[in-house]
Amino acid sequence: MHAVVDALGNPLKFELTPGQAHDSVKGYEILSQFDLSSREILADRAYDTDTIRTLLKEQNAIAVIPSKKKCRVKQLTT
């Protein structure tokens with residue numbers, strides 16, 4: 001299940017995917033449909049990918065995504 005919600009938890013976009021689908025691929029597809037300028041994007045470790053972080057950086061959004069446990073270089077929340 002993938003959901004994009006506003007600051008109050010109101011749903012903006014909601015999609016169900018099969019269990020074998022990778023979260024970051026669908027997450028990128030969904031996030032790329034929104035204007036994320038100057039917004040804070042909160043997500044779990046599954047969305048810690050260079051592709052998603054680049055998308056957020058290009059749109060001047062703040063990534064609030066913890067680094068994956070196996071990541072050698074921990075990303076800062078920026």
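**Confidence.** I began with pLDDT, the predictor's confidence in each residue from 0 to 100: the chain averages 87, and 90% of the residues score at least 70. This is a predicted model, so I kept in mind that local features need pLDDT of at least 70 and side-chain atom pairs 80 or more, while totals for chains, interfaces and linings use all residues. Residues are numbered from 1 along each chain as its sequence is written, and side-chain values use heavy atoms, with hydrogens and water left out.

**Helix α1.** Next I looked up helix α1, residues 23-31 (helices are DSSP runs of H or I, at least four residues; strands are E, at least two; both numbered from the N terminus). Ser24, Lys26, Gly27, Ile30 and Leu31 are buried there, meaning under 20% relative accessible area with a 1.4 Å probe, protein chains only. They sit on the same side of α1 because they cover an arc of only 165° around the axis, taken from the directions from the helix axis to the C-beta atoms. These buried residues pack against β1 (2-5), β2 (11-15), β3 (40-42) and α2 (50-58).

**Core.** Then I checked the largest nonpolar core, which has eleven residues, including Leu31, Tyr47, Ile52 and Ile65. Such a core is a set of buried Ala, Val, Leu, Ile, Met, Phe, Trp, Tyr and Cys residues joined through side-chain atoms within 4.5 Å. Helix α2 supplies its largest share, three residues.

**Ile52.** Finally, I listed contacts (heavy atoms within 4.5 Å). Leaving aside residues up to four places away in sequence, Ile52 touches Ser24, Gly27, Tyr28, Leu31, Tyr47 and Ile65.

How values were computed:
Buried means under 20% relative accessible area, exposed over 50%, partly exposed in between (1.4 Å probe, protein chains only).
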